[in-house]
Amino acid sequence: MAGNSQRRGATRSSNKKGAVAGTGGKNRRALEGRGPTPKAEDRTYHKAHKAKAAAERRDATSTGPRAHDAKSAARGGRPSGRTPSRTTRSSSANEVVNGRNAVLEALRAYIPVSAVYIATRLEADDRTKEILNIASGRGYNLLEVTKAELDRMTDGSVHQGVAIQVPPYDYADPEDLLDRAHEAGEPPLIVALDGVTDPRNLGAVLRSAGAFGAHGVLVPERRAAGVTASAWKVSAGAAARVPVARATNLVRTLTEYKAAGCFIVGLDGGGPVAVGELAFGKDPLVLVVGSEGKGLSRLVRETCDVVASIPILSDVESLNAGVAAGISLYEVARLRSAED
C-alpha cells in the first residue's frame with residue numbers, strides 16, 4: 001500500500017507545485033509555428049488590403065461601361081444604363097408616386113419606373129391617355145389593380161386611379177466622382193451638401209450640376225436629402241446624368257478629397273472672398289453648400305480651405321441651397337472658360 005501511495009504521489013496528487021506528467025508528444029502540434037505572417041495587403045482588416053481592392057476596382061472599371069458612361073456624360077449624351085452612378089449603396093425602399101398630375105410630371109421627367117398601376121374601370125382623360133402612351137412606349141410594367149389595392153399601396157391618399165413605383169436610387173461611391181473627372185480628362189468639380197434636407201433643393205443642385213459640368217454631388221448618409229421622386233422631378237432629368245454619392249462621414253470624405261488634391265471651398269454669406277474671384281477656380285474643386293437656416297456646420301467649415309461668399313443685397317438674408325449652388329457653379333464655369 002505504501003508503494004502504491006508513493007507512486008501516486010509521483011504524478012502530483014496534491015495541490016502543491018511539483019513535477020507534472022508529460023504529454024508524450026500528444027500536443028506537439030500546438031508547439032509548431034503557423035508559418036510566415038501574411039502580407040498586409042492579404043489581411044482583410046488591414047488598410048493596405050482596402051487600398052488594393054479600391055485600386056483593382058478602379059482598374060476594372062476604367063475600360064468598362066463606367067468609362068463609356070462618363071465620356072458620354074461629358075459630351076452631354078445620355079449614359080447607357082439606367083443611371084450613371086457606379087453603384088455601391090442604395091436607398092432601402094421603393095417609393096410610390098400617385099395622382100394623375102404627379103405621375104404624368106414624373107414620367108415626363110424620365111424618373112425611373114418599376115411599375116405603373118392603373119385602377120380597373122378607370123375613367124380616362126387626356127392625362128391618363130398620355131400616361132398609358134408613355135408607359136407602353138417605354139416598355140414599363142403596366143398593371144391593372146383594384147381601387148382597394150391602390151388605396152393600400154398609397155396609404156389611403158388620393159391617387160385618382162393612377163400610381164407608379166420608383167425603384168431605390170443607386171448611389172455612387174465618393175471616389176467614383178473623382179474617377180469620373182479623371183476619365184473625362186478634366187479637373188474634378190464636385191458639389192457637397194451639408195445639412196440640406198429638402199429633396200427639391202437636391203434636385204435643383206443636380207440640375208445646375210448638369211448644366212455647368214460638375215462631375216457629381218456628394219450628400220451625407222444621415223440627416224440629409226436623398227434622391228427621391230421629388231428630387232428627380234426638380235432635376236428635370238439631370239439626376240439621370242449626374243451621379244450622387246453618399247458619404248458615411250462628410251468631414252472625413254472632404255478630408256480624403258483634400259488628400260487627393262482638391263481645394264475645399266465652403267459657401268457662406270460672411271465669406272471673405274467672392275466666389276467669382278477664387279484664385280484656384282480652375283483647379284480640382286469641391287464646393288460645399290450648407291443649409292439655408294444653419295449654413296455650414298462647424299467641423300465642415302474648419303475642413304474648408306477657404307470660405308467664399310456670393311455678394312447679395314443687404315436686405316436679403318440668404319439664398320437657398322439650390323440657388324447658391326447654381327450661382328457658384330456658373331462662376332466656376334466662367335473662371336474655367338476664361339483665357340489665362
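These entries record what I looked up around one strand and the helix that follows it in a predicted model.

**Entry 1: burial of β7.** I began with strand β7, which spans residues 189–194. I asked how many of its residues are buried. The strand is mostly covered, with six of six residues buried.

**Entry 2: the two faces.** I recalled that side chains in a regular strand alternate between the two faces of the sheet. I then checked each side of β7 separately. L189, V191 and L193 lie on one side and are buried. On the other side I found I190, A192 and D194, also buried, and both faces are therefore covered.

**Entry 3: pairing with β12.** I next looked up which way β7 and β12 run relative to each other, parallel or antiparallel. Strand β12, residues 285–290, runs parallel to β7, and six bridges join the two. I noted G290 in β12 as the bridge partner of D194.

**Entry 4: pairing with β8.** Strand β8 covers residues 216–220 and is joined to β7 by three bridges. This pair also runs parallel. Within the pair, I190 stands opposite G216 of β8. I followed the chain from β7 to β8 and found that it passes through helix α8, residues 199–211. The resulting β-α-β crossover is right-handed.

**Entry 5: S208 in helix α8.** I selected S208, a residue of helix α8. Is S208 buried or exposed? Its relative accessible area is 14%, and because the cut-off for buried is under 20%, I entered S208 as buried. I then asked which residues S208 contacts, leaving aside neighbours within four places in sequence. The contacts are G322, G326 and L329.

Methods. Residues are numbered from 1 along each chain as its sequence is written. This is a predicted model: local features need pLDDT of at least 70, side-chain atom pairs count only at pLDDT 80 or more; totals for chains, interfaces and linings use all residues. Side-chain values use heavy atoms; hydrogens and water are left out. Buried means under 20% relative accessible area, exposed over 50%, partly exposed in between (1.4 Å probe, protein chains only). Helices (H or I, at least four residues) and strands (E, at least two) are DSSP runs, numbered from the N terminus. Two strands pair if DSSP finds at least two bridges between them. A crossover is right-handed if, with the strands pointing away from the viewer, the path from the first strand over the helix to the second runs clockwise. Contact means heavy atoms within 4.5 Å.
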